[in-house]
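Hi everyone, thanks for coming. I'd like to walk you through a structure that may be new to you, so please have a look at it first.

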Amino acid sequence: MNESGYSSGLTKKRIYNTNVWLAYAMRCIGKGHKAAQTFCAVMDLPPPPRFDRYNKTLLESLLEVGNKSMKNAVQESVNINGGDCNNISVALDASWQKRGHTSLNGVVTATSVDTGKVIDMECLSKYCPGCNLGNNTHECMKNFNGFSGGVESEGALKIFQRSEEKYGVKYTQYLGDGDSKAYKTVCEAKPYGEIKIEKIECVGHVQKRLGTRLRKLKKDLKGKKLPDGKFIGGRGRLTDDEIDRLQYYYGLVIRRNPGNLESMHKALWATFLHKASTDKYPQHQFCPKEPDTWCKYNKAQSEGTEYKHQHSLSNDILEAIKPIYRDLSDRRLLVKCLHGRTQNCNESFNHCIWERIPKTVLVGLLTLKIGVLDTVICFNEGVVSRCEVLELLGVPCDVNMERGLVTIDRRRVSDGEKAVMDSTKEGRIRRRAQKRRREDQDLEHKMNMGQECIKCSSGQKKSKIYLEKITMKNEN
C-alpha cells in the first residue's frame, strides 16, 4: 500500500492504474461496464467506476500508438516498392457492425497489398448516445449521414484524399470488391489530379466467380439432357466436388503465375484441356512438362510408364462450360490479377474488430474507435504493443503482463503456421465443400417438403369437398 492509503498508484492524468487496467482489459475482450461489474462482484472486489472518463484517455494513447504503427507500415510498403512513394498498392474493404444495410456503425480499412498490414482506417457512425437521450448540451458523435451501404465509398474517399498529407504517398492501385461503388467514387473525385488509379482484382473473389457460374449453369440445366442424352450432374459428370476442384485449380493457376500474363492464360486453358483429355485423345500440350509437374500424364510420359485417364469430362459438358472459361480467362481480367494477392488481410482484420466490439451491442463512435485502434496495433505489431499504450498513460507494465502478451503472440504465430500447412488447408477445403453440400441438400429437402405440403393440403381440400357432396346426395 502506498502513502495515500490506496492499493493502486496514479497515472499522469491522476487516475488510478487499476481502473485503467480494468477498463482497457474489458475493451480488449469485447466487454463493457456491465461485464466489469459482474467480474468484480464474483471476484469479491469493489464495484468498478464508470468507463466514460477512461475511454477518452485510452483513445488518446491508442491514437498515438496506432498512428505510429500505421505510419511504419506505410514506410515498409515504400521500402518494398523501391522507395517510390507515388505507386503504393492498397486493399480496401468495409465492414459493418450489423449485417445488411441497416447498420449504424461501419469501418473502412486500407491494408498494404505488399505487407498485409493496416495503413489507414476510417470509423463512421450514424449513432450518438447523447442525441439518443435528447441531451442538447453534448458534443454530437455522429460523423456520417446516409444509407449504410455508402459507408465504404465515404471511407475510401477520405482515406485516399488524406494519403499525401498524412503519409506523403499516393495510392495508385486499388484492390477491392468487384461489386463495390467505392472505386468509382474515388476515381470521380480525382484525389491525385490527373494521375489514374488502377483497379486490381482480389484473386479470391475472381476464383469464386468460376464456382458461382458453374453452379448456376448446373442449376439452370437441371432436368435437361445434353446432346449425349445424359444430365449435366451425376456420377462422372459436373458434380459439386468437380466444381470445387475446378475452382481450386483456377485459383492455383493465378497464384502460381504472378506477373506473367501469357503464362497465366496458357495455364488456365491447360486445366480445361486436361479435363478434356482421354486415352484416345490426350490434350496435354499446355500442361507443364517438368519432372515435378502436376500433370500425371506428362509425368508418366517422362518416366516411360503407362497412364490411364480416369477423371475426364465429356465433350458436351466441356462445351457447356467453355463460355465460362472463355470469359474468366480474358486477358483484360487476368491482367488485374497479376499481383496474385487477396483481401484476406482485410477480412481477418474485420474479424478481429468485432471480437472487441460484439455485434450484439450497439456502441458509440468513441468505443468503436477504441476497438478498431486496439485491433490495428495488435494486427500490425502483436498484442505485446498494448504495453506501449499503457506506458503512455503512465501505467507500469510488470513482468507478468509482458510475459503473458508475448505468449499470446507466439501462440498466434504457431497457429498461423499450422493453418497454412497443405494438409490443414486441404482439410478446410474438404469441410467447406461438405458443409456446402449439406446446406444445398437441406434447402432442396425443405423445398420438396413445402411442395408436398401444398399437394397434401390441396388433396385434403378436394376430399373434403367430395365428402360434402356425397353427404348432401344421401340426405336428398
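**A walk through the chain**

Let me begin with contacts: among those between residues at least 6 apart in sequence, 64% join residues at least 24 apart. Please keep in mind that this is a predicted model.

Now the overall picture. The chain has 476 residues, and 41% of them count as buried. Its secondary structure comes to 18 helices and 5 strands. The chain exposes about 28100 Å², with carbon and sulfur atoms supplying 52% of that area.

Let's go inside. Which residues touch the most other members of the largest nonpolar core? They are Tyr24, Leu92, Phe160, Tyr171, Tyr174, Leu368 and Val372, in a core of 67 residues. There is also a second, separate core, with 31 residues, and Val203, Ile321, Tyr325 and Leu328 are among them.

Let me stay with Leu92 for a moment. Leaving aside neighbours within four places in sequence, Leu92 is in contact with residues including Val108, Thr109, Ala110, Glu152 and Ala156. Phe160 and Tyr174 are also among the contacts of Leu92, and both of those were on our list of core residues that touch the most other members.

Another partner of Leu92 is Gln343, so let's move there. Where is Gln343 found? You can find Gln343 in the loop between α13 (331-334) and α14 (344-356). Is Gln343 buried or exposed? Gln343 counts as buried, because its relative accessibility is 1%, and buried means under 20%. Not counting residues up to four places away in sequence, Gln343 touches Leu92, Asp93, Leu175, Gly176, Asp177, Cys202 and His205.

That list had a cysteine in it, which brings me to disulfides. In general terms, a disulfide is a covalent bond between the sulfur atoms of two cysteines. How many disulfides does the count come to? The count comes to 0 disulfides. Take Cys140: its closest cysteine sulfur belongs to Cys131 and is 3.6 Å away, which is too far for a bond, because the two sulfur atoms would have to be within 2.5 Å. Cys140 counts as partly exposed, at 40% relative accessibility. Cys337 is in no disulfide either, and the nearest cysteine sulfur, in Cys202, is 8.6 Å away. Cys337 is buried, with a relative accessible area of 0%.

Next, a pocket. I've picked the second largest one, which has a volume of about 1100 Å³. It is lined by 33 residues, and the closest to its centre are Arg27, Asp52, Asn55, Pro129 and Thr367. Which elements give two or more residues to this lining? They are α2 (33-42), α3 (52-80), α4 (129-133) and α15 (365-381). The element that gives the most to the lining is α15, with 4 residues.

Now for a little backbone geometry. Most residues other than glycine have a negative phi. Asp44 is not a glycine, yet its phi is positive, at about 60°. Asp44 is found in the loop between α2 and α3, two of the helices we just met at the pocket. At 71% relative accessibility, Asp44 counts as exposed. Lys190 also has a positive phi, near 50°. You will see Lys190 in the loop between α7 (182-189) and β5 (198-201). With a relative accessible area of 48%, Lys190 is partly exposed.

Two last stops, both in helices. Val253 is found in helix α9 (residues 240-256), and at 8% relative accessibility Val253 counts as buried. What does Val253 touch, not counting residues up to four places away in sequence? Val253 touches Met264, Ala267, Leu268 and Thr271. As for Trp269, it is 16 residues from Val253 along the chain, and the C-alpha atoms of the two are separated by 9.9 Å.

The other stop is Thr407, in helix α17 (residues 399-419). Thr407 is partly exposed, with a relative accessible area of 46%. Thr407 and Val383 are 24 residues apart along the chain, and their C-alpha atoms are separated by 9.5 Å.

If you take one stretch back to your desk, try the path from Leu92 to Gln343 and on from Gln343 to Cys202. Thanks for listening!

Definitions and conventions. Residues are numbered from 1 along each chain as its sequence is written. This is a predicted model: local features need pLDDT of at least 70, side-chain atom pairs count only at pLDDT 80 or more; totals for chains, interfaces and linings use all residues. Side-chain values use heavy atoms; hydrogens and water are left out. Buried means under 20% relative accessible area, exposed over 50%, partly exposed in between (1.4 Å probe, protein chains only). Contact means heavy atoms within 4.5 Å. Accessible areas come from the Shrake-Rupley method with a 1.4 Å probe; for residues, only the protein chains shown count as cover. A nonpolar core is a set of buried Ala, Val, Leu, Ile, Met, Phe, Trp, Tyr and Cys residues joined through side-chain atoms within 4.5 Å. On a 1 Å grid over the protein atoms alone, a cavity is a set of points where a 1.4 Å probe fits but cannot get out, and a pocket is an open set with protein on both sides within 12 Å along at least five of seven lines; lining residues have an atom within 4 Å of a point. Grid points are joined across faces, edges and corners, and a volume is the space filled by probe spheres set on the points.
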